[in-house]
Amino acid sequence: MTDETESPEFTLTRTFEAPVTTVWQAWTDPRHLTHWFHPAGFSTPLDSIHVDLRVGGRYRYTMIEDATGAAHPTGGEFLEVAPPSRLVFTWASPEAAPGASPVATVTLDGDGERTRMVFTLRGTAGRPGDDGVHDGWQQAVEILAVHLGALEETSGPALHREGL
């Protein structure tokens with residue numbers, strides 16, 4: 001049996017200039033996910049995103065490759081939902097068995113108008129420059145930072161009251 005220390009994984013850490021509740025919404029609300037839940041060169045149509053945000057609930061979305069139009073359905077199951085600080089979910093094809101899928105853990109630590117995010121994907125290897133899973137998630141996190149920055153610039157404090 002393989003113990004947890006032998007499982008391939010990688011971690012991304014980023015501090016966002018946004019309150020923890022806003023970053024949580026960006027990770028859980030389809031109206032936010034459509035803007036950033038994909039690497040560069042892809043899009044995620046809002047009508048492809050379905051989120052049942054509860055332990056045991058499932059989510060799915062489809063990334064569309066901008067250059068070719070190829071569809072990449074993705075999904076999984078929520079294993080832990082602890083707003084606004086921790087989200088754990090499997091990440092694979094929508095039909096994959098949870099036990100056989102990589103597991104993503106998102107930990108958010110808010111400090112006023114800033115939030116430190118630690119994202120770990122266990123069950124798949126990744127490293128900077130792999131032009132694969134690591135780089136795809138790194139690009140998505142960069143797109144998330146731009147999305148959160150745009151929300152702050154256009155909405156200011158009203159963003160937090162209205163949820164967008």
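**Reading Contacts and Spaces in a Predicted Model**

Guide: Let us begin with one contact: the side chains of Arg54 and Asp52 meet in a salt bridge, at 3.0 Å from N to O. Please keep in mind that this is a predicted model.

Visitor: How exposed are the two partners, Arg54 and Asp52?

Guide: Arg54 counts as partly exposed, at 45% relative accessibility. Asp52 is also partly exposed, its relative accessible area being 33%.

Visitor: How many salt bridges does a search of the whole structure find?

Guide: The search finds 7. One of them joins Glu17 and Arg114, whose side chains meet at 3.0 Å, N to O. Glu17 belongs to the loop between S1 and helix H1 (20-28), whereas Arg114 belongs to strand S8, so this pair ties together parts that lie 97 residues apart in sequence. Arg114 is partly exposed, with a relative accessible area of 40%.

Visitor: With which residue does Arg31 form a salt bridge?

Guide: The partner of Arg31 is Asp29, and their closest N and O atoms are 2.7 Å apart. To read the setting of this pair, one considers each residue separately. Arg31 is partly exposed, at a relative accessible area of 41%. Asp29 has a relative accessible area of 15% and therefore counts as buried, since the limit for buried is under 20%.

Visitor: I should now like to turn to the rings. What describes a pair of aromatic rings?

Guide: Two values describe such a pair: the distance of the centres and the angle of the planes. In this structure there are 15 aromatic pairs. Phe10 and Phe119 form one that is tilted, with 6.4 Å from centre to centre and 50° between the planes. This pair links distant parts of the chain, as Phe10 is in strand S1 (residues 9-16) and Phe119 is in strand S8 (residues 114-122), 109 residues apart. Both Phe10 and Phe119 are buried.

Visitor: Is the pair of Tyr59 and Tyr61 stacked or tilted?

Guide: The pair of Tyr59 and Tyr61 is stacked: the centres are 6.2 Å apart and the planes differ by 15°. Tyr59 and Tyr61 are both buried. Ring pairs also join residues into a cluster, and its members include Phe10, Tyr59, Tyr61, Phe119 and Trp137.

Visitor: What does rolling a probe over the atoms show?

Guide: A probe the size of a water molecule shows where empty space is left. By the rule applied to this structure, there is 1 cavity of 30 Å³ or more. The largest cavity holds about 70 Å³ of space.

Visitor: Which residues line the largest cavity?

Guide: Its lining consists of Trp27, Leu33, Phe37, Val51, Tyr59, Phe78, Leu87 and Phe89. By class, this lining has 8 nonpolar residues, no polar and no charged. Trp27, Phe37, Tyr59, Phe78 and Phe89 are also among the members of the ring cluster.

Visitor: What is the volume of the largest pocket?

Guide: The largest pocket has a volume of about 290 Å³. It is lined by 16 residues, of which Pro39, Met63, Gly132, Gly136 and Trp137 are the closest to its centre. The lining divides into 9 nonpolar, 5 polar and 2 charged residues.

Visitor: Which element supplies the largest share of the lining of the largest pocket?

Guide: H3 does, with 6 residues. Helix H3 (133-155) and strand S4 (58-65) each supply at least two residues of this lining.

Conventions:
Residues numbered from 1 in each chain as written. Predicted model: local features only at pLDDT ≥ 70, side-chain atom pairs only at ≥ 80, totals over all residues. Heavy atoms only, no water. Phe/Tyr/Trp six-rings, centres within 6.5 Å; stacked < 30°, edge-to-face > 60°. Helix = DSSP H or I, 4+ residues; strand = E, 2+ residues; numbered from the N terminus. Buried < 20%, exposed > 50% of the residue type's maximum accessible area, 1.4 Å probe, protein only. 1 Å grid on protein atoms, 1.4 Å probe; cavity = no way out; pocket = protein on both sides within 12 Å on 5 of 7 lines; lining within 4 Å. Points joined across faces, edges and corners; volume = space filled by probe spheres on them. Nonpolar A, V, L, I, M, F, W, Y, C, P; charged D, E, K, R; others polar. Salt bridge = Lys/Arg side-chain N within 4 Å of Asp/Glu carboxyl O.
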